[in-house]
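Trainee: I have a structure open and would like to learn how to read it. Could you walk me through the features with me asking as we go?

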Amino acid sequence: MQTVEELYQLILQRKSNPEKGSYTDYLFTKGLDKILKKVGEESTEVIVAAKNPSDEEFVYEVSDLVYHVLVLMADRGISVDDIKKELAKREGLMSKTQERREIDKL
Ligand SMILES: N=c1c2ncn([C@@H]3O[C@H](COP(=O)(O)OP(=O)(O)OP(=O)(O)O)[C@@H](O)[C@H]3O)c2ncn1[C@@H]1O[C@H](COP(=O)(O)O)[C@@H](O)[C@H]1O
């Protein structure tokens with residue numbers, strides 16, 4: 001099984017060592033506009049899948065979106081760790097918001 005970090009590392013590898021026939025390499029070669037178009041397309045597909053009853057279709061489309069977002073992050077030099085750090089910062093913020101809501105209820 002491949003983790004998100006492992007997939008990101010593989011994408012970085014494709015960026016530094018282009019491989020013939022690689023879809024990731026194709027995206028990097030086409031450049032930012034193509035990557036952004038794919039992120040947009042895949043986001044729309046997630047929205048449509050979310051309205052349909054098939055969980056399988058939804059999981060498939062979310063996976064497509066995650067992959068393309070990771071390619072976008074790699075293109076920009078943003079790592080999975082950068083996202084984890086941002087999410088960790090929110091942990092504290094969110095609990096403070098909850099605390100405030102509890103106080104407001106009193
Ligand atoms: N997770 C993915 C992944 N998800 C989606 N895709 C590709 O994203 C494309 C999306 O399909 P579409 O029909 O929307 O696009 P398309 O018509 O094929 O291509 P476009 O002309 O629209 O760009 C498909 O070609 C999928 O193969 C992915 N390609 C690669 N990976 C991962 O990246 C790794 C490296 O792949 P390569 O770079 O191909 O070696 C693989 O082992 C996988 O783990």
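Trainee: Where should I begin, and which residues have the most contacts inside the largest nonpolar core?

Mentor: Keep in mind that this is a predicted model. To read a core, look for buried nonpolar residues joined through their side chains. Here the largest such core has 15 residues, and those with the most contacts inside it are Tyr8, Ile11, Phe28, Ile35, Tyr67, Leu70 and Val71. The elements giving two or more residues to this core are α1 (4-16), α2 (23-30), α3 (32-51) and α4 (55-76). The largest share, six residues, comes from α4.

Trainee: Which residues does Val71 touch, beyond those up to four places away in sequence?

Mentor: Val71 touches Ile11, Thr24, Leu27, Phe28 and Ile35.

Trainee: Now the ligand, please. Which residues come nearest to the ligand?

Mentor: For a binding site, list the shell and then look at its chemistry. The ligand has 14 residues around it, of which Arg14, Ser22, Tyr23, Thr24 and Lys38 come nearest. By class, this shell has five nonpolar, four polar and five charged residues.

Trainee: Which side chains have an N or O atom by an oxygen atom of the ligand?

Mentor: Among them is Ser22, with a side-chain N or O atom 2.5 Å from a ligand oxygen. For Tyr26 the corresponding distance is 3.1 Å, and for Glu42 it is 3.4 Å. Of the 840 Å² of accessible area that the ligand has on its own, the protein covers 58%. The elements that give two or more residues to the shell around the ligand are α1, α2, α3 and α4.

Trainee: Back to Glu42, then. Is Glu42 buried or exposed?

Mentor: Compare the relative accessibility with the cut-off: under 20% means buried. Glu42 counts as buried because its relative accessibility is 4%. This residue lies in helix α3. Leaving aside neighbours within four places in sequence, Glu42 is in contact with Glu61, Asp64, Leu65 and His68.

Trainee: His68 is in that list. Where is His68 placed, and is His68 buried or exposed?

Mentor: His68 sits in helix α4. With a relative accessible area of 3%, His68 is buried. The His68 side chain reaches the backbone oxygen of Asp64 at 2.8 Å. Not counting residues up to four places away in sequence, His68 touches Tyr23, Leu27, Ile35, Lys38, Val39 and Glu42.

Trainee: Thanks, I can follow the contacts from the core to the ligand on my own screen now.

Key
Residues are numbered from 1 along each chain as its sequence is written. This is a predicted model: local features need pLDDT of at least 70, side-chain atom pairs count only at pLDDT 80 or more; totals for chains, interfaces and linings use all residues. Side-chain values use heavy atoms; hydrogens and water are left out. A nonpolar core is a set of buried Ala, Val, Leu, Ile, Met, Phe, Trp, Tyr and Cys residues joined through side-chain atoms within 4.5 Å. Buried means under 20% relative accessible area, exposed over 50%, partly exposed in between (1.4 Å probe, protein chains only). Helices (H or I, at least four residues) and strands (E, at least two) are DSSP runs, numbered from the N terminus. Contact means heavy atoms within 4.5 Å. A residue is near a molecule or strand if one of its heavy atoms lies within 4 Å of it. A polar contact is a pair of N or O atoms within 3.5 Å; within protein, one must be able to donate a hydrogen and the other to accept it, and residues adjacent in sequence count only if both atoms are side-chain atoms. Accessible areas come from the Shrake-Rupley method with a 1.4 Å probe; for residues, only the protein chains shown count as cover. Ala, Val, Leu, Ile, Met, Phe, Trp, Tyr, Cys and Pro count as nonpolar, Asp, Glu, Lys and Arg as charged, and the others, Gly among them, as polar.
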